[in-house]
Structures are given as C-alpha cells and as structure tokens.
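Subject: Structure handover

Hi there,

Here is the structure I promised to pass on to you. Have a look at it first, and then read on for what turned up.

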Amino acid sequence: MNFSSGVHYSNDKTKVVFIMGATGTGKTKLSIDLATHFSGEIINSDKIQVFKGLDIASNKITESERRDIPHHLLGVLDPDADFTAEDFCHHTLRAIDKIIENGHLPIIVGGSNTYIEALVEDPMIKFTTKFDCCFLWMDVSLPVLYKYVGKRVDQMVGAGLVDETRKMFVPGADYSRGIRRAIGAPELDYYFQVEQQLEDDEIGRKMLLEDAIQEVKDNTCKLVNKQLEKIKRLRNEVGWDIHRIDATHVFESSGKEAKDAWEEVVLKPSLVIVDDFLKGCKREISREEAFPISWLNFLRNLLLPVARRMKEMIRV
C-alpha cells in the first residue's frame, strides 16, 4: 500500500493529525509509525511529559524509541514550572508553524484531552478555521486495559520508579502543580516520609510500599476512566469526528501474534484514514479493508470460550 508524504494537499488549510486515547493504549507507538509513513513531526500533548524528569513515572518515550522523529514539547520545562492549557495552545501553535516550515505533517499525541479541547475549541484561536483536523482514538476494552496498566506499573517499579520518585521527594511539596502532579509522586509521598522510621521493620516497610504501588494502579485506572469520558463527550456532545481504533486484540496477544495484530487492526486502518484525510477524501474503511479486523474479532469471540472450556476440562 503506497501512501503520500508531506503536507501539501488538496486545499489551503494545514492538515493536523491528533492521536487520542487513554493512558497505555499505544498512542505513542502509533504516532511514531504515522510520522515515519507520512514524514511527520510529533507534538506532545501530555501535560506531565512536557516536564523534565520522572521519565519512568510519566512513561516518556526514550531516544531510541523516537526513531529520529523530531518531538516538540517533550521534557522541556523545569519540574516546578506552571504549564496551563493556555501555555499549551501557545507553544503548540508555534510548533505547528515550525513543522509546516519544515514541510512535515504535525501529529499531536497525548492523553491530556482538556488541553487538546482548549486548542481546538478556543474561540480566540479559531483553530478549525485555519486547520483541518483528523482525530484518531486508540481504544482498548477496559478489562484488558486495566490488567495491562497494572502490569505496566509493576514494570515501572522494576525499572526504578520508586528511586526516581524519591529523588523528587520534598517534605510538604505541592502535588497540585508541576511535574509532581504525575501519578506515582503523591501516592509514594507517605512512604518516603516514614521509610527511615521503619528502617528496622522490613515487613512493615514492604507492606507500606505495596499499598502505595496499589494506589498508583488504582489511580491510573481512574485516570483511564476520566480520559475516556472526555473523549466520548468530545465525540458525542461536542461533535468531533473521531475515528476509533480498537487495539484490544493487540493487548490480548503476545510475540509475533501481537505484532501481526498491530499491523492489521491498528496500523493498516490508521494509514488508510490519515491518507484519505491528507488527500481530502472522506470515506468509511471499505469492507475489504475492514475484513481483517472483523475476522480477527470473530475468531477471538468464537475460539476464546472454546479454549477456556478445554482448559477447564484438562484441569478436571
């Protein structure tokens, strides 16, 4: 499948792609894939990742994962700085201008939907009079996503989340501003306050840390719910034309199966949607293009219950 690159297309409006979705749904991976295919540059719209530090806690994309794709508003602010929705709009518009000057496609990606709404809907900015918008929504069924984000928190802990956050710990810190709003920082605060007092109580210290980590998982799931509520409101009440990409099968798979599922149910339809958008076309994905997605969903729904029953029979 051949796709065009660049931003000079069918009308005078600049094309801008938005990738939305709850935390942990694969927005970053998709942004890199699309930027690679369409000669894009990425603007971060995560209000925590804009700050320097807490790379593990904020799940910031690494240098190697960026594949040399230019990133804007990523890890650029001091940890204690303020960064409002108004600031985001100002810096994003400047970044878009720079990306267009480079002859590339602006791709805005992140989970801070309040900031995205401010950018698109602010009557002073008049964003939609200047730009054509394509909204992609990375979605994963909640039971699958809850399980995944819990596992991801465990992986973050294994990667050094606690030590990273401890370096930012300041008694009496304000967790309502700057990078300390990141999930993980307030949840670990009490543990850091008392861990030295529990130096000789290894069991008590371990239990307290486990409670804090569980709170991180619970609050991450709460964040997922809030993000989904905002996306659905933008689609159903505000009226945004948002293309939903169901990545559930990717998260239910592993290894080569997960890689193949990503290509079929996420990347392929996303490439079609964005290519049509850039060419000024508006159409639904054809039955032939949608067939792999429907077929995979059909097989999953048909075979998973059978596999579970067989597993139970073997146990008996």
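To start with a small puzzle: is Lys13 buried, partly exposed or exposed? With a relative accessible area of 29%, Lys13 is partly exposed, because the partly exposed class runs between under 20% for buried and over 50% for exposed. Please keep in mind that this is a predicted model.

**Salt bridges**

Lys13 is a good place to begin, since its side chain meets that of Asp132 in a salt bridge, at 3.8 Å from N to O. Lys13 sits in the segment before β1 while Asp132 belongs to strand β5, so this pair ties together parts of the chain that are 119 residues apart in sequence. Unlike its partly exposed partner, Asp132 counts as buried, because its relative accessibility is 17%. Lys15 comes into the picture here too: Lys13, Lys15 and Asp132 are linked in a network of salt bridges.

Across the whole structure, the search finds 17 salt bridges. Two others may interest you. One of them joins Asp33 and Arg67, whose closest N and O atoms are 3.0 Å apart. Asp33 is in helix α1 (residues 27-38) and Arg67 is in the loop between β2 (40-44) and β3 (71-72), so here the parts tied together are 34 residues apart in sequence. Asp33 is buried, at a relative accessible area of 8%, whereas Arg67 is partly exposed at 44%.

The other is formed by Lys279 and Asp275, again with 3.0 Å between the closest N and O atoms. Both residues lie in helix α10 (residues 255-279), and because they are 4 residues apart, about one helical turn separates them. Asp275 is buried, with a relative accessible area of 5%, and Lys279 is partly exposed, with 39%.

**Strand β5 and its neighbours**

Back to the strand that holds Asp132. How many of the 9 residues of β5 are buried? The count is 8, so strand β5 (residues 131-139) is mostly covered, given that buried means under 20% relative accessible area.

β5 pairs with strand β1 (residues 14-21), to which it runs parallel, and 8 bridges join the two. In this pairing, Val16 stands opposite Cys133 of β5. β5 also pairs with strand β6 (residues 242-246), in the parallel sense as well, over 5 bridges. There, Phe135 has Ile242 of β6 as its bridge partner. As you look along the strands, remember that in a regular strand the side chains alternate between the two faces of the sheet.

**Charged patches on the surface**

Finally, two surface patches of charge are worth a look. Which residues gather in the positive one? They are Lys47, Lys222, Lys226 and Lys230. Lys230 lies in helix α8 (residues 202-238) and counts as partly exposed, because its relative accessibility is 34%.

The negative patch is formed by Glu199, Asp200, Asp201 and Glu202. Glu202 is also placed in helix α8, so this helix contributes a residue to each of the two patches. With a relative accessible area of 59%, Glu202 is exposed.

Happy to talk it over whenever suits you.

Best wishes

Conventions. Residues are numbered from 1 along each chain as its sequence is written. This is a predicted model: local features need pLDDT of at least 70, side-chain atom pairs count only at pLDDT 80 or more; totals for chains, interfaces and linings use all residues. Side-chain values use heavy atoms; hydrogens and water are left out. Patches are made of residues with over 30% relative accessible area and no salt bridge: like charges are joined within 9 Å, nonpolar side chains (Val, Leu, Ile, Met, Phe, Trp, Tyr) within 5 Å. Accessible areas come from the Shrake-Rupley method with a 1.4 Å probe; for residues, only the protein chains shown count as cover. A salt bridge is a side-chain nitrogen of Lys or Arg within 4 Å of a carboxyl oxygen of Asp or Glu. Lys and Arg count as positive and Asp and Glu as negative; His and the chain ends are not counted. The place of a charge is taken as NZ of Lys, CZ of Arg, CG of Asp or CD of Glu. Buried means under 20% relative accessible area, exposed over 50%, partly exposed in between (1.4 Å probe, protein chains only). Two strands pair if DSSP finds at least two bridges between them.
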